[in-house]
Amino acid sequence: MSITLTSAADGQNLIIEPEQVALKGKIRVPGDKSISHRALILGSISKGQTTIEGLLLGEDPLSTASCFEAMGVKISPLNSDKVVVEGIGLENLQEPQDVLNAGNSGTTMRLILGILAAQKGKFFTITGDSSLRSRPMSRVIRPLEQMGAAIWARKNNTLAPLAIKGSQLQPLEYHSPIASAQVKSCLLLAGLGIEGRTTVIEPALSRDHSERMLEAFGAKIETDPTDNRATVIGPASLVGQRVVVPGDISSAAFWLVAASIVEGSELLIENVGINPTRTGILEILQLMGADLSLENERIVTGEPVADILVKFSKLKGCEISGAIIPRLIDEIPILAVAAVFAQGITVIKDAAELRVKESDRLAVIARELTKMGAKITELPDGLEITGTSSLVGTTVESCNDHRIAMSLAIASLAAQKTTTIKGVEAATISYPNFVATLQSVCGMEE
Ligand code: S3P
């Protein structure tokens with residue numbers, strides 16, 4: 001096995017020469033991206049100190065931190081084990097002197113928008129990288145406008161950059177056409193400072209980290225699972241808390257699949273968040289025949305956590321559709337890799353949302369895995385994958401999408417011949433030390 005990182009003119013290439021060595025070891029994955037964003041956001045708009053242990057130091061949460069620093073929040077150096085956010089309170093955010101930059105992060109832009117829209121009399125502009133500037137913002141702009149927000153955007157008020165004039169908002173009961181935690185969280189944050197009930201009802205339940213953390217910070221939150229409803233009863237005054245961020249199950253997913261498809265593998269992934277709104281990946285892998293077991297289950301600052309033991313196992317295809325989709329939305333590229341190595345057909349449906357992520361993930365994962373010999377048909381809202389036990393390495397592209405870069409790296413471990421993944425540096429968005437961990441589980445020196 002050889003895993004080498006090289007520099008290219010337009011980024012970094014990862015060159016993997018597989019040897020089917022079993023993956024072994026005990027590893028930890030970086031902090032949960034969704035929880036990291038929310039800890040920085042709620043810490044900033046609370047009164048008093050918030051301490052964050054295990055914060056993800058990926059580019060996305062760093063974008064969130066820099067936006068709040070630009071609005072007057074003091075955040076201690078982000079490379080320390082315990083990050084301290086000196087919360088200034090919702091009403092004391094300052095009008096930034098320059099354009100806020102959300103980088104590649106949809107969560108940063110959509111969640112912050114709910115806060116900015118309610119900052120009466122203050123003016124904000126926010127932009128992002130070319131991927132984020134092509135992702136739909138109308139899903140948050142429209143309901144915020146129903147609450148009375150004043151927002152201007154490109155392309156008929158749908159795309160960033162955005163300009164926002166903070167105004168007095170009204171509470172809203174919003175029936176969201178999509179299951180999206182970013183939409184839900186944006187509106188709950190918008191409802192924080194206003195009198196009354198702001199409610200979001202979703203077609204299927206999306207991740208509930210905002211509801212959990214808002215409650216822990218002192219907001220009055222009501223949820224009703226019978227119709228996937230979440231309500232904030234404002235006005236809320238939030239107080240800083242201690243947050244311990246668990247490992248990200250979306251990052252653990254790469255190792256769960258890697259160990260499942262490389263013969264003889266056994267990995268223990270410690271300290272993984274297993275919030276039930278995120279564990280679709282575990283249920284689907286188990287349905288496919290994966291050998292997974294949860295150990296040492298516990299609750300850490302309001303979120304369930306466990307260690308996950310995974311061993312190689314022969315996988316079989318299955319159908320992935322319906323209400324489970326939001327519970328594994330970010331894991332579909334790596335599940336596509338699992339399906340390629342499974343016996344039989346895997347059909348993924350109801351996942352059109354993947355077309356508006358950091359890349360069009362349905363098109364990109366289908367195209368790049370097909371280059372390696374996979375049999376994949378793209379559907380309007382999913383993929384149909386016929387298992388084949390042999391892929392052949394070639395040159396593939398991350399398309400600047402972190403989850404695509406890492407999914408292709410895992411696929412190449414079980415392929416024949418050398419794979420070159422172009423643009424692998426995208427992985428740092430959510431997993432800064434991915435390549436080092438890959439080398440270590442493959443028995444190479446870090
Ligand atoms: C996220 C929600 C999901 C997910 C994203 C993070 C969040 O997006 O894909 O990576 O932290 O709220 P949607 O809510 O748009 O589905």
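Modeller: A cavity is a set of grid points where a 1.4 Å probe fits but cannot get out, and a lining residue is one with an atom within 4 Å of such a point. This is a predicted model, and a search of the whole structure finds 1 cavity of 30 Å³ or more.

Colleague: What makes Arg38, Ile41 and Leu42 lining residues of the largest cavity?

Modeller: The rule asks for an atom within 4 Å of a point of the cavity. Arg38, Ile41 and Leu42 are listed in the lining of the largest cavity, together with Leu111, Ser185, Leu189, Ser210 and Leu214, so each of these residues meets that cut-off. The space they surround comes to about 50 Å³.

Colleague: Which helices supply at least two residues each of that lining, and which gives the most?

Modeller: The helices are α1 (33-45), α6 (181-191) and α7 (209-216), and α1 gives the most, with 3 residues.

Colleague: How many of the lining residues of the largest cavity are nonpolar, and how many are polar or charged?

Modeller: The lining divides into 5 nonpolar, 2 polar and 1 charged residues. Ile41, Leu42, Leu111, Leu189 and Leu214 belong to that lining, and they count as nonpolar because Leu and Ile are both on the nonpolar list. Arg38 also belongs to it, and this residue counts as charged because Arg is on the charged list.

Colleague: Turning to the ligand, which residues are around it?

Modeller: The residues around the ligand are Lys33, Ser34, Arg38, Thr107, Ser180, Ala181, Gln182, Arg207, Ile329, Asp330 and Lys357. This shell divides into 2 nonpolar, 4 polar and 5 charged residues.

Colleague: Why are the approaches of Arg38, Ala181 and Gln182 to the ligand called polar contacts?

Modeller: The term requires a pair of N or O atoms within 3.5 Å. A polar side-chain atom of Arg38 lies 2.6 Å from an oxygen atom of the ligand, while a backbone N or O atom of Ala181 lies 2.8 Å from a ligand oxygen and a backbone N or O atom of Gln182 lies 2.9 Å from one. The three distances therefore satisfy the 3.5 Å limit. Taken alone the ligand exposes 390 Å², and the protein buries 95% of that.

Colleague: What space does the ligand take, and which elements give two or more residues to the shell around it?

Modeller: The space taken by the ligand is the largest pocket, and a molecule is said to sit in a pocket because more than half of its atoms lie within 2 Å of the pocket's grid points. The elements giving two or more residues to the shell are α1 and α6, and α1 gives the most, with 3 residues.

Colleague: How much space lies in the largest pocket, and what is known of its lining?

Modeller: About 540 Å³ of space lies in the largest pocket. Of the 37 residues that line this pocket, Ala179, Ser180, Ile329, Glu353 and Lys357 are the closest to its centre. Two or more lining residues come from each of α1, α3 (106-116), α6 and α12 (402-413), with α1 giving the most, 4 residues. The lining of the largest pocket divides into 10 nonpolar, 11 polar and 16 charged residues.

Colleague: Away from these spaces, which peptide bonds before proline are cis?

Modeller: The bond from Ala160 to Pro161 is cis, with omega near 5 degrees, and Pro161 lies in strand β10 (residues 159-165). The bond from Gly234 to Pro235 is also cis, with omega near 0 degrees, and Pro235 is placed in the loop between β14 (229-234) and β15 (242-244).

Definitions and conventions
Residues numbered from 1 in each chain as written. Predicted model: local features only at pLDDT ≥ 70, side-chain atom pairs only at ≥ 80, totals over all residues. Heavy atoms only, no water. 1 Å grid on protein atoms, 1.4 Å probe; cavity = no way out; pocket = protein on both sides within 12 Å on 5 of 7 lines; lining within 4 Å. Points joined across faces, edges and corners; volume = space filled by probe spheres on them. Near = heavy atom within 4 Å. Polar contact = N/O pair within 3.5 Å; in protein donor to acceptor, adjacent residues only side chain to side chain. Areas by Shrake-Rupley, 256 points an atom, 1.4 Å probe, with all protein chains shown as cover.
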